[in-house]
Amino acid sequence: MMPSTVETAPAVPPGFTCQRCGHCCLGPGDVRLRAGEVEAIAAWLGLTVSDFTDAFTRLTTDRQAITLTERPDGACIFLQPDNSCRIQAAKPQQCCAFPYLWRTARLANMCAGWKLHEYGN
Ligand code: SF4
Ligand code: SF4
């Protein structure tokens with residue numbers, strides 16, 4: 001999830017392949033939901049917007065947006081045991097953009113796909 005200090009990436013790095021390590025979903029941080037994403041995720045889950053927001057969202061730490069909530073261990077509520085995303089088909093833009101369009105040094109160092117892409121291991 002996205003912490004406060006973000007490094008923007010200039011372009012989609014050719015050859016990057018997600019290794020499904022799940023580290024980008026383990027937190028801490030916020031997954032900020034953009035306009036329309038609450039409705040899209042609620043619809044994909046078969047929930048009303050009200051039921052979805054009650055069960056799966058909270059205010060961001062700066063109280064300026066809505067974010068997905070967390071499991072008790074701090075991981076995103078939608079991270080599954082096999083490191084797949086329960087809402088893959090409707091996941092937020094913030095998730096889709098990592099690490100191509102934004103990343104932090106900490107998250108990049110934890111991303112198995114990024115390390116493979118950058119360092120070959
Ligand atoms: S919504 Fe899916 S991709 Fe995004 S942080 Fe949660 S589990 Fe990861
Ligand atoms: S940290 Fe990188 S390799 Fe791991 S699941 Fe996220 S994008 Fe994929």
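**Exercise 1. Locate Asn 83 and describe its backbone and its exposure.**

*Solution.* Asn 83 lies in the loop that runs between β3 and α3. The model is a predicted one. In this model, the phi of Asn 83 is positive, about 70 degrees, although the residue is not a glycine. For the exposure, count the C-beta neighbours: Asn 83 has 16 inside 10 Å. A residue is buried at 20 or more and exposed at 12 or fewer. Asn 83 therefore counts as partly exposed.

**Exercise 2. Determine where Cys 21 is placed and which residues, beyond its sequence neighbours, are in contact with it.**

*Solution.* Begin with the position: Cys 21 belongs to the loop between β1 and α1. Next, set aside the neighbours within four places in sequence; Cys 21 is then in contact with Asn 83 and Ala 112. A further pairing spans the chain: Cys 21 and Met 110 are 89 residues apart in sequence, yet their C-alpha atoms are 8.9 Å apart in space. Finally, because Cys 21 has 15 C-beta neighbours inside 10 Å, it counts as partly exposed.

**Exercise 3. Describe the surroundings of the two ligands by residue and by class.**

*Solution.* Take ligand 1 first. Around it are 11 residues, of which Cys 25, Cys 76, Leu 79, Cys 85 and Cys 95 come nearest. By class, this shell holds 10 nonpolar residues, no polar ones and 1 charged residue. Turn then to ligand 2, which has 13 residues around it; Cys 18, Cys 21, Cys 24, Cys 111 and Gly 113 come nearest. Its shell divides into 8 nonpolar, 4 polar and 1 charged. Cys 21, treated in Exercise 2, is thus one of the residues that come nearest to ligand 2.

**Exercise 4. Characterise the packing of α1 and α2.**

*Solution.* Two packed helices are described by the angle between their axes and the distance between the axes. The axes of α1 (residues 37-45) and α2 (residues 49-56) come within 9 Å and cross at roughly 95 degrees. This angle makes α1 roughly perpendicular to α2. Next, identify the residues that make the contact: α1 supplies Val 38, Glu 39, Ile 41, Ala 42 and Leu 45, while α2 supplies Val 49, Phe 52 and Thr 53. By class, they comprise 6 nonpolar, 1 polar and 1 charged.

**Exercise 5. Compare the loop residues Arg 63, Gln 88 and Pro 99.**

*Solution.* Arg 63 is placed in the loop between β2 (57-59) and β3. Its phi is near 60 degrees, a positive value in a residue other than glycine. With 7 C-beta neighbours inside 10 Å, Arg 63 counts as exposed. Gln 88 lies in the loop between β3 (66-68) and α3 (93-97), and its 12 C-beta neighbours inside 10 Å make it exposed as well. The C-alpha atom of Gln 88 is 9.9 Å from that of Trp 44, which is 44 residues away along the chain. Pro 99 is in the loop between α3 and β4 (102-103); a cis peptide bond, with omega about -5 degrees, joins Phe 98 to Pro 99.

**Exercise 6. State the overall arrangement and where the model calls for caution.**

*Solution.* The protein has 5 helices and 4 strands, in the order β-α-α-β-β-α-β-α-α along the sequence. Of its 121 residues, 22% are buried. The mean pLDDT is 89. Among the elements, α2 has the highest mean pLDDT (98) and β1 (residues 7-8) the lowest (55). Where pLDDT is low, the predicted coordinates should not be read in detail.

Definitions and conventions. Residues numbered from 1 in each chain as written. Chains lettered and ligands numbered in written order. Predicted model: local features only at pLDDT ≥ 70, side-chain atom pairs only at ≥ 80, totals over all residues. Near = placed C-beta within 6 Å. Nonpolar A, V, L, I, M, F, W, Y, C, P; charged D, E, K, R; others polar. Axes fitted to C-alpha atoms, helices over the stretch in contact; angles between N-to-C directions. Helix = DSSP H or I, 4+ residues; strand = E, 2+ residues; numbered from the N terminus. Parallel < 35°, antiparallel > 145°, perpendicular 65-115°, else oblique. Contact = placed C-beta atoms within 7 Å. pLDDT = per-residue confidence, 0-100.
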